Amino acid sequence: MTSGTRHTRASSSPTATADRPAAAKARFWDKIARKYAADPVTDMAGYETTLARARALIAPTHRVLEIGCGTGTTALRLGPCYGHLVATDVSAEMIAIAREKLAAAPQPNLEFQVVDADALAFGQASHDVVLAFNVLHLVSDLDAALTSVENTLAPGGLFISKTPCIADMNPLLGKVLLPVMRLVGKAPPVLCFRAPDLQAALTRHGLEIVAVEYHGTKGKDLRPFIVARKRGS
Ligand SMILES: C[S@@+](CC[C@H](N)C(=O)[O-])C[C@H]1O[C@@H](n2cnc3c(N)ncnc32)[C@H](O)[C@@H]1O
């Protein structure tokens, strides 16, 4: 964890450090990928709102990058509002499932790649939009990941995130439940931050907050949909 962002890690594991190899980060997700793919979206109405808002922000010329795409559900649903979308995930199993889905219903401007969001290497200003749904709490180092996102975005480009802010939830979740689940292999290492801390981190990394919305339709929503613009024209 870097000192810049106010967050703690809900894990007692000594392996929960910023320099964990990608293979170690992928292990938990590789194991559960088929089950994750089979699980229904819990709040479909909220998800549809998120998809509609994302589509409205993306133009047909945009080069879009998605980090932590899982089995590609969102990438496959977004098309064809973008010019090109590369959807990425650290888990090869998640990407294998995403590619199976794409093969069953091909979309010419969409591709899936295995990529660690902690170490993006797409080149300076190579994308107009970066999407991060349900993944920022899972990266090893939030500040490092946001530096990477900022480098990848073209000036004026958009970062669109929807991420659980675990420190805003029941304190027992981050302090007790998740560490115990992690110990028995039922949860990955997670970062616990509050929504204001996440917004402050984005701002600190040159990403100006454009919108903060809540799309959930079931109970209290602690996953803000945040749109932030990289400074520059
Ligand atoms: C909760 S799932 C979310 C998947 C998808 N974005 C969604 O909203 O359904 C988290 C995903 O993030 C991926 N992930 C975790 N750590 C990652 C990292 N360091 N880089 C890229 N992907 C990562 C996992 O493999 C998993 O597919």
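Biologist: Which of the 18 residues around the ligand come nearest?
Modeller: Gly 68, Asp 89, Ala 117, Phe 133 and Asn 134 do. A residue is near the ligand if one of its heavy atoms lies within 4 Å of it. This is a predicted model: local features need pLDDT of at least 70, side-chain atom pairs count only at pLDDT 80 or more, and totals for chains, interfaces and linings use all residues. Residues are numbered from 1 along each chain as its sequence is written, and side-chain values use heavy atoms, with hydrogens and water left out.

Biologist: Why is the pair between a ligand oxygen atom and the side chain of Asn 134 called a polar contact?
Modeller: A polar contact is a pair of N or O atoms within 3.5 Å. The ligand oxygen is 2.8 Å from an N or O atom of that side chain, so the pair qualifies. A ligand nitrogen is also 2.8 Å from a polar backbone atom of Ala 117. The protein buries 92% of the 600 Å² that the ligand exposes when taken alone (Shrake-Rupley method, 1.4 Å probe).

Biologist: What makes up the shell around the ligand, by class?
Modeller: The shell has 10 nonpolar, 4 polar and 4 charged residues. Asp, Glu, Lys and Arg count as charged, Ala, Val, Leu, Ile, Met, Phe, Trp, Tyr, Cys and Pro as nonpolar, and the others, Gly among them, as polar.

Biologist: Which residues touch the most other members of the largest nonpolar core?
Modeller: Ile 67, Leu 136, Leu 142 and Phe 159, out of 27 residues. Such a core joins buried (under 20% relative accessible area, 1.4 Å probe, protein chains only) Ala, Val, Leu, Ile, Met, Phe, Trp, Tyr and Cys residues through side-chain atoms within 4.5 Å. Another core, of 26 residues, lies apart from it and includes Tyr 47 and Cys 81.

How values were computed. A polar contact is a pair of N or O atoms within 3.5 Å; within protein, one must be able to donate a hydrogen and the other to accept it, and residues adjacent in sequence count only if both atoms are side-chain atoms. Buried means under 20% relative accessible area, exposed over 50%, partly exposed in between (1.4 Å probe, protein chains only).
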